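Work through the following exercises with the sequence and the model open side by side. Each task is followed by a solution that proceeds step by step.

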Amino acid sequence: MPPRPFLKWAGGKGKLITQYNHYLPKGFDTYYEPFLGGGAIFFYLQPPSSILMDINPELVNVYCCIRDRVDHVIELLEIHQRQHSHDYYYQMRASTGATDLEKAARIIYLNRTCFNGLYRENSKGQFNVPMGRYKNPKICHIELLYSVSAVLKNTEIWVQSFDGILALAQTTRDFVYFDPPYYPISPTSRFTAYSKASFSRADQIRLRDVFVELAQRGVRVMLSNSDCPFIRDLYAGFAIHTISATRAINSNAQRRGKITEVLVTSY
C-alpha cells in the first residue's frame, strides 16, 4: 500500500494534489514542511531528504512514534478498536496518556472517531472535539501505518514554529511548503486554533515576511491559503494560482461546497 495521510485533517490537501502537481518544483534536494498537519504533499512527493515541523507537540509525537515504534502503536490501536464506544471515547478524550506511545495511539484513536477528524484544543491545550457519528470507524489501519512508517524512516520531525525554517532552508536546492491555518474569510470560518495558540492576522503577516526572506535566498517556496483580498495583497509580488477546493467544515451546511483557494509560488 502506498503511503498517504493516516490522520484525517481539516484542510488536508489529498484531494488537491492533481491541481498542485503542475506547480510542484522538480529536482530539489531537501523538502521542508513547517505546518505538518496530515502531510499529504509530503506523502505524495516521498522526498529522499526532508524535515517536517509543527508547533503542536502532540502531533509531532504521533509522527515520531509511527516512524520509530509502529508495532507498539498498532498494538495500542487494536485495543482502542476493541474498546471503542461512546463512553470509552469520552474517557479517552479526558485522559492524556502516560507514555509517548500511549499519547500517540490516543491521538490517532480520537482523530479516527471524532467529529470530521477535526483537531482542536481549548485554551488549556486540551482536545475538545465531540465524538463523530461513525457506525464502524477504521481505527487501526495496519497496512497504511506500516507504509507511513517506512517513508518516515529517514525524515526528521521537530516541534518548531514556522519561522524556525529561516535557520534551515538556504539555497535553490531547498523546497519549502507552507500550509498554515487559513485566513478566515467569514465570521463562520474563524477556526484557526489547531493548537491552544491561535494563528492571527499578525502571524499571517509574519509568515509572509518569512516567505519573502526565503524567496530572496533563492529557496523555492510554495504556500496555500484562503482566496481573499488580504492574502492576495500580502503575496502580490509572487505568482498566485487559483485552486478549486471543497469546504467540508462550516457551521452553516449551505456554505459547504466548492470554493477557491490560492497557491502562491516564489518560482
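**Exercise 1. Determine whether phenylalanine 211 and tyrosine 235 are buried or exposed, and describe how their rings are arranged.**

Solution. In this predicted model, both phenylalanine 211 and tyrosine 235 are buried. The next step is to look at the geometry of the rings, whose centres lie 5.2 Å from each other with 75° between the planes. Since ring planes over 60 degrees apart count as edge-to-face, the pair of phenylalanine 211 and tyrosine 235 is edge-to-face. Finally, place the two residues along the chain: phenylalanine 211 belongs to helix 7 (residues 201-217), whereas tyrosine 235 is found in the loop between helix 8 (229-234) and strand 6 (239-247), so that, at 24 residues apart, the pair links distant parts of the chain.

**Exercise 2. Find which residues form one aromatic cluster together with Phe28, and state what lies over the face of phenylalanine 230.**

Solution. Starting from Phe28, the cluster is completed by Tyr31, Phe42, Phe43 and Phe175. Turning then to phenylalanine 230, the residue that lies over the face of its ring is arginine 201, at 4.0 Å from the ring centre.

**Exercise 3. Work out where helix 3 bends, and compare the distance between its ends with the span of a straight helix.**

Solution. Begin at the start of helix 3, where a side-chain oxygen of asparagine 56 comes to within 2.9 Å of the backbone nitrogen of glutamate 58. Helix 3 covers residues 57-83, which is 27 residues, and at 1.5 Å a residue a straight helix would reach 39 Å. The C-alpha atoms at the ends of helix 3, however, are only 26 Å apart. Following the helix along its length, one finds a bend of about 115° at arginine 69.

**Exercise 4. Identify which element gives the most residues to the largest nonpolar core.**

Solution. The largest nonpolar core has 57 residues, and Phe6, Tyr20, Tyr63, Ile66 and Leu152 are those with the most contacts inside it. Among the elements that give two or more residues to this core are helix 1 (17-20), helix 5 (100-113), helix 6 (142-152) and strand 4 (174-178). The most comes from helix 3, which gives 11 residues. As general background, nonpolar side chains in soluble globular proteins tend to be buried together.

**Exercise 5. Decide why serine 147 counts as buried and serine 161 as partly exposed.**

Solution. Take serine 147 to begin with, which is in helix 6; because its relative accessible area is 12%, serine 147 is buried, the cut-off being under 20%. A polar atom of the side chain of serine 147 lies 3.4 Å from the backbone oxygen of methionine 1. Serine 161, by contrast, lies in the loop between strand 3 (155-159) and strand 4, and serine 161 is partly exposed because its relative accessible area is 21%.

**Exercise 6. For glutamine 46 and asparagine 116, state what sign phi has and where each residue lies.**

Solution. Most residues other than glycine have a negative phi. Phi of glutamine 46 is nevertheless positive, near 45°, and phi of asparagine 116 is positive as well, near 60°. Glutamine 46 lies in the loop between helix 2 and strand 2 (50-54), and with a relative accessible area of 40% glutamine 46 is partly exposed. Asparagine 116 is placed in the loop between helix 5 and helix 6, where a relative accessible area of 35% makes asparagine 116 partly exposed.

How values were computed:
Residues numbered from 1 in each chain as written. Predicted model: local features only at pLDDT ≥ 70, side-chain atom pairs only at ≥ 80, totals over all residues. Heavy atoms only, no water. Phe/Tyr/Trp six-rings, centres within 6.5 Å; stacked < 30°, edge-to-face > 60°. Helix = DSSP H or I, 4+ residues; strand = E, 2+ residues; numbered from the N terminus. Buried < 20%, exposed > 50% of the residue type's maximum accessible area, 1.4 Å probe, protein only. Lys NZ or Arg CZ within 6 Å of the ring centre and 35° of its normal. Expected span 1.5 Å × (residues − 1). Bend = angle between axes of the 7 residues up to and from the residue. Polar contact = N/O pair within 3.5 Å; in protein donor to acceptor, adjacent residues only side chain to side chain. Core = buried A, V, L, I, M, F, W, Y, C linked by side-chain atoms within 4.5 Å.
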